[in-house]
Amino acid sequence: MAGEPQDDCLFCKIVAGHVPATIVRETETTVAFRDINPQAPTHVLIIPRAHHKDAAALATAEPALAADLLREARAVADEEKLDSYRVVFNTGAGAGQTVFHAHAHVLGGRGLEWPPG
């Protein structure tokens, strides 16, 4: 069920403290941690504590929580002293989503070309 922790979800396990992660920020609604396979000098994932399968589901079910992720992206960028950065939401396997728990990637610290893929 949307919002409820899923036993088979890696990010739900990180939220619960069952899987270690390098946490950089936590709020009442979000957890931000370093990506284990960084694609830039700064690569932080921001996840909602509540489980939603992807960004589209999150935005539909809890738009205020989706906004929390964007606010936290800004806070992470500020703490990492990034002058510019990219926020990425991959939605669906075809877009590169590999963990089906909504999350934002904050990437920075190097030039980020366009198009990205």
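I46 is a good place to enter this predicted model. Setting aside neighbours within four places in sequence, I46 is in contact with T30, V31 and A32. Its contacts also include L69, E72, A73 and V76. A102, H103, A104 and V106 complete the list.

I46 also belongs to the largest nonpolar core, which has 15 residues. Within that core, A32, I46, L58, L69, V76 and V106 touch the most other members. Three elements give two or more residues each: β3 (42-48), α3 (63-79) and β5 (104-108). The largest share, 6 residues, comes from α3. A second core is separate from this one. That second core has 9 residues, among them C9, I14, I47 and V99.

Now turn to T30, one of the contacts of I46. T30 lies in strand β2, residues 30-34. Its relative accessible area is 1%. Buried means under 20%, so T30 counts as buried. The side chain of T30 makes a polar contact of 2.7 Å with the side chain of T27. Leaving out residues up to four places away in sequence, T30 touches I46, I47, P48 and R49, and also D68, L69 and E72.

L82 comes next. This residue is found in the loop between α3 and β4 (85-88). L82 counts as buried because its relative accessibility is 13%. Not counting residues up to four places away in sequence, L82 touches T42, A77, V106, G108 and G109. R110 is 28 residues from L82 along the chain. The C-alpha atoms of L82 and R110 are separated by 9.6 Å.

Note on methods
Residues numbered from 1 in each chain as written. Predicted model: local features only at pLDDT ≥ 70, side-chain atom pairs only at ≥ 80, totals over all residues. Heavy atoms only, no water. Core = buried A, V, L, I, M, F, W, Y, C linked by side-chain atoms within 4.5 Å. Buried < 20%, exposed > 50% of the residue type's maximum accessible area, 1.4 Å probe, protein only. Helix = DSSP H or I, 4+ residues; strand = E, 2+ residues; numbered from the N terminus. Contact = heavy atoms within 4.5 Å. Polar contact = N/O pair within 3.5 Å; in protein donor to acceptor, adjacent residues only side chain to side chain.
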